[in-house]
Amino acid sequence: PPEVTGRTRLYAILADPIAHVKTPQTMHALFARHGIDGVLVPMHVAPDDLAVTLDGLRGLRNFGGFIATVPHKGAMRDLCDEVSAEAEAIGAVNCVRRDPDGRMIGAMLDGTGFVEGLASEGIDLDGRRVLLAGAGGAASAIAFSVASRGAARLTIANRTVEKAERLAERVRAHYPGLEVSALGSDADPGAQEIVVNATSLGMRPDDPLPVPRSVLERAEVVAEVIMDPVETPLLAAARAAGCRAHPGLPMLERQIELMARHMGALT
Ligand code: NDP
């Protein structure tokens with residue numbers, strides 16, 4: 001950990017459970033690269049204690065902000081004093097800045113991290129047909145970011161088709177020009193150029209593929225949100241089918257920087 005003095009600014013990650021989080025190490029590496037005098041501490045907060053924790057942090061004058069992860073992203077939207085338009089549309093917040101007057105300003109950076117992670121590998125979404133597997137928290141954020149990057153068509157496929165339909169409806173409401181459709185995860189989504197897995201399938205070695213194998217035959221790029229394992233069964237199948245495979249780690253790496261900026265640690 002970095003050396004802590006009376007001048008060090010404080011940041012945090014709030015989660016329940018907390019022990020598995022790797023954000024302190026990743027953020028400290030970024031702080032070291034940029035010469036930032038800050039420390040990011042893990043805070044184990046149960047959902048019932050979230051509001052009181054936030055109120056306590058408002059009074060902490062050397063506190064710059066925090067990252068919110070499972071299970072706090074949804075509740076955080078309603079607890080912040082102000083949230084970004086994107087966080088409002090998605091219905092979740094994963095990073096909060098504490099302004100000098102104690103106001104808490106929320107943003108949702110999962111989707112931006114994902115599309116910027118793709119862009120860092122030269123993958124552009126403009127005018128592309130995108131298949132998004134999943135309709136949970138990560139998928140919602142990615143759907144809005146894919147829409148904002150000018151995709152030509154977005155197909156959302158999910159095990160629970162009603163959730164895909166609700167997400168498609170919300171994206172359409174914000175991006176009326178974009179063709180958005182919703183399917184069950186077993187349906188044939190037709191030809192797609194970019195395939196994104198935003199389900200939790202792939203974390204275990206015996207998980208089924210999140211999309212029908214036939215989709216991989218016609219796709220160019222297959223991207224993951226899962227970071228562990230690095231090579232999921234989907235990415236292995238994508239490579240075997242001749243697609244470009246994009247792992248989940250760049251999404252996290254981009255987000256760490258975006259979060260440091262949102263919290264005011266990095267300018
Ligand atoms: P949610 O619980 O909100 O959503 C889970 C999604 O996975 C839903 O679409 C769900 O479908 C689907 N799913 C889960 N189990 C199955 C199954 N057995 N069969 C079919 N579909 C299934 O989780 P999150 O969106 O928060 O997280 C999803 C993944 O994204 C996690 O692995 C997480 O680690 C990763 N992630 C990665 C980030 C990164 O920076 N790389 C950032 C954020 C998340 P249904 O709706 O039918 O339940």
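User: Helices here are DSSP runs of H or I, at least four residues long and numbered from the N terminus. With that settled, which helix gives the most to the shell around the ligand?

Analyst: Helix 10, which puts 3 residues into the shell. Keep in mind that this is a predicted model.

User: Where does the ligand sit?

Analyst: In the largest pocket. Two elements give two or more residues to the shell around the ligand: helix 6, running 137–148, and helix 10, running 249–262.

User: Which residues come nearest to the ligand?

Analyst: There are 22 residues around the ligand, and the nearest are Ala 138, Asn 158, Thr 160, Lys 163 and Val 225.

User: And what's the mix by class in that shell?

Analyst: The shell has 10 nonpolar residues, 9 polar ones and 3 charged ones.

User: OK, polar contacts. What does the backbone of Ala 138 do with the ligand?

Analyst: A polar backbone atom of Ala 138 is 2.7 Å from an oxygen atom of the ligand. Ser 200 also has a backbone N or O atom by a ligand oxygen, at 3.2 Å. With Gly 248 the ligand atom is a nitrogen, and a backbone N or O atom of Gly 248 lies 3.2 Å from it.

User: How much of the ligand's accessible area does the protein cover?

Analyst: 74%, out of the 930 Å² that the ligand has on its own.

User: Switching to Ala 135. Where is that one found?

Analyst: Ala 135 is in the loop between strand 7, which spans 129–133, and helix 6.

User: Is Ala 135 buried or exposed?

Analyst: Buried. Its relative accessible area is 9%, and the cut-off for buried is under 20%.

User: How far apart are Ala 135 and Leu 50?

Analyst: C-alpha to C-alpha they're 25 Å apart in space, with their positions 85 residues apart in sequence.

User: What about helix 5? Why is it called largely enclosed by the rest of the structure?

Analyst: Because 9 of its 11 residues, in the run 110–120, are buried. Among those buried residues are Asp 110, Thr 112, Phe 114, Glu 116 and Leu 118.

User: What follows helix 5?

Analyst: Gly 122 does, with a positive phi near 75°.

User: Now the backbone oddities. Which residues does the cis bond with omega about 5° join?

Analyst: Val 70 and Pro 71. Pro 71 has its place in the loop between strand 3 (63–68) and helix 3 (73–79). The peptide bond from Asp 228 to Pro 229 is also cis, with omega near 5°.

User: And where is Pro 229?

Analyst: In the loop between strand 11 (221–224) and helix 9 (233–240).

User: Next, Asn 94. What does its side chain reach?

Analyst: The backbone nitrogen of Leu 109, at 2.9 Å. Asn 94 itself lies in the loop between helix 4 (85–90) and strand 5 (95–98).

User: Why does Asn 94 count as buried?

Analyst: Because its relative accessibility is 2%, and anything under 20% is called buried.

User: Last one, Val 195. Which strand is it in?

Analyst: Strand 10, residues 194–197. Val 195 is buried too, with a relative accessible area of 1%.

User: How far is Val 195 from Val 221 in space?

Analyst: 6.3 Å, C-alpha to C-alpha, although the two are 26 residues apart in sequence.

Technical notes:
Residues are numbered from 1 along each chain as its sequence is written. This is a predicted model: local features need pLDDT of at least 70, side-chain atom pairs count only at pLDDT 80 or more; totals for chains, interfaces and linings use all residues. Side-chain values use heavy atoms; hydrogens and water are left out. A residue is near a molecule or strand if one of its heavy atoms lies within 4 Å of it. A polar contact is a pair of N or O atoms within 3.5 Å; within protein, one must be able to donate a hydrogen and the other to accept it, and residues adjacent in sequence count only if both atoms are side-chain atoms. Accessible areas come from the Shrake-Rupley method with a 1.4 Å probe; for residues, only the protein chains shown count as cover. On a 1 Å grid over the protein atoms alone, a cavity is a set of points where a 1.4 Å probe fits but cannot get out, and a pocket is an open set with protein on both sides within 12 Å along at least five of seven lines; lining residues have an atom within 4 Å of a point. A molecule sits in a cavity or pocket if more than half of its atoms lie within 2 Å of its grid points. Ala, Val, Leu, Ile, Met, Phe, Trp, Tyr, Cys and Pro count as nonpolar, Asp, Glu, Lys and Arg as charged, and the others, Gly among them, as polar. Buried means under 20% relative accessible area, exposed over 50%, partly exposed in between (1.4 Å probe, protein chains only).
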